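Reader: Pick one stretch of this chain and give me a close look at how it sits against the rest. I'd like the burial, the contacts and the charged side chains in one connected story, cut-offs included.

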Amino acid sequence: FISKLKNEFPELTENELHLSSLLRLKLNTKEIASIKNISPDSVKVMRYRLRKKFKLDRNVNLIEFLQAY
């Protein structure tokens with residue numbers, strides 16, 4: 001999964017790849033915040049930036065996009 005993401009989106013950082021993996025595991029924002037030891041608002045910002053890097057439309061679900069990978 002990670003190598004496929006790296007190939008298609010080489011601009012992703014290690015942190016963004018880690019977030020993508022956690023989202024693919026269907027963890028919610030609070031769980032991710034706890035794992036990464038950051039605030040839930042920070043996770044929301046990270047998700048927003050990740051959506052921009054993936055060039056996803058607003059009506060595309062980020063988790064479904066990652067599940068399909």
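Author: The protein chain's secondary structure comes to 5 helices and 0 strands (DSSP runs numbered from the N terminus: H or I of at least four residues for helices, E of at least two for strands). From the N terminus on, the elements simply read α-α-α-α-α. This is a predicted model, so to speak only of what it contains: local features need pLDDT of at least 70 and side-chain atom pairs pLDDT 80 or more, while totals for chains, interfaces and linings use all residues. Numbering starts from 1 along each chain as its sequence is written, and side-chain values use heavy atoms, with hydrogens and water left out.

For scale, the C-alpha trace of the protein chain spans about 30 × 25 × 20 Å along its principal axes. Of its 69 residues, 32% count as buried (under 20% relative accessible area with a 1.4 Å probe, protein chains only; exposed is over 50%, partly exposed in between). Take contacts (heavy atoms within 4.5 Å) between residues at least 6 apart in sequence: 46% of them join residues at least 24 apart.

The stretch I'd pick is H2, which covers residues 14-24. Which of its residues are buried? They are Glu16, Leu17, Leu19, Ser20, Leu22 and Leu23, and what they pack against is H1, H3, H4 and H5. Just after H2, Lys26 takes a positive phi of about 65 degrees.

Now the greasy part. The largest nonpolar core (buried Ala, Val, Leu, Ile, Met, Phe, Trp, Tyr and Cys joined through side-chain atoms within 4.5 Å) has 17 residues. Leu23 is on the list of those with the most contacts inside that core, along with Leu5, Leu12, Leu50, Phe54 and Leu62. H2, H3, H4 (40-54) and H5 (62-67) each put in at least two residues of this core.

Leu12 comes shortly before H2: its place is the loop between H1 and H2, where it is buried at 9% relative accessibility. Skipping residues up to four places away in sequence, Leu12 touches Leu5, Leu17, Leu50, Lys53 and Phe54. So one loop residue reaches Leu17, a buried residue of H2. The Phe54 link is a long one in sequence: 42 residues separate Leu12 and Phe54 along the chain, with their C-alpha atoms 9.3 Å apart in space.

Leu17 also gives a handle on H1. Lys4 belongs to H1, residues 2-8, and is partly exposed at 46% relative accessibility. Lys4 and Leu17 are 13 residues apart along the chain, and their C-alpha atoms are separated by 11 Å.

How many salt bridges does the structure hold? There are 2 (a Lys or Arg side-chain nitrogen within 4 Å of an Asp or Glu carboxyl oxygen), and here is each in turn. In one, the side chains of Glu14 and Lys6 meet at 3.8 Å, N to O. Glu14 is exposed, with 58% relative accessible area, whereas Lys6 is partly exposed at 39%.

In the other, Lys53 and Glu16 meet at 3.0 Å, N to O. Lys53 sits in H4 and Glu16 in H2, so this pair ties together parts that are 37 residues apart in sequence. Glu16 is buried, at 13% relative accessibility, while Lys53 is partly exposed at 25%. Lys53 is also one of the residues that Leu12 touches, so to the list of neighbours of that loop leucine you can add a salt-bridge partner of Glu16.

Then there's a lysine that misses out. Lys36 lies in H3, residues 29-36, and is buried yet has no salt bridge. Its nearest side chain of opposite charge (Lys and Arg count as positive, Asp and Glu as negative; His and the chain ends are not counted) is Glu14, 9.8 Å away. Leaving out residues up to four places away in sequence, Lys36 touches Asn15, His18, Leu22 and Met46.

H3 has another buried residue worth a glance: Thr29, at 19% relative accessible area. Its contacts, again leaving out residues up to four places away, are Pro40, Val43, Lys44 and Arg47.
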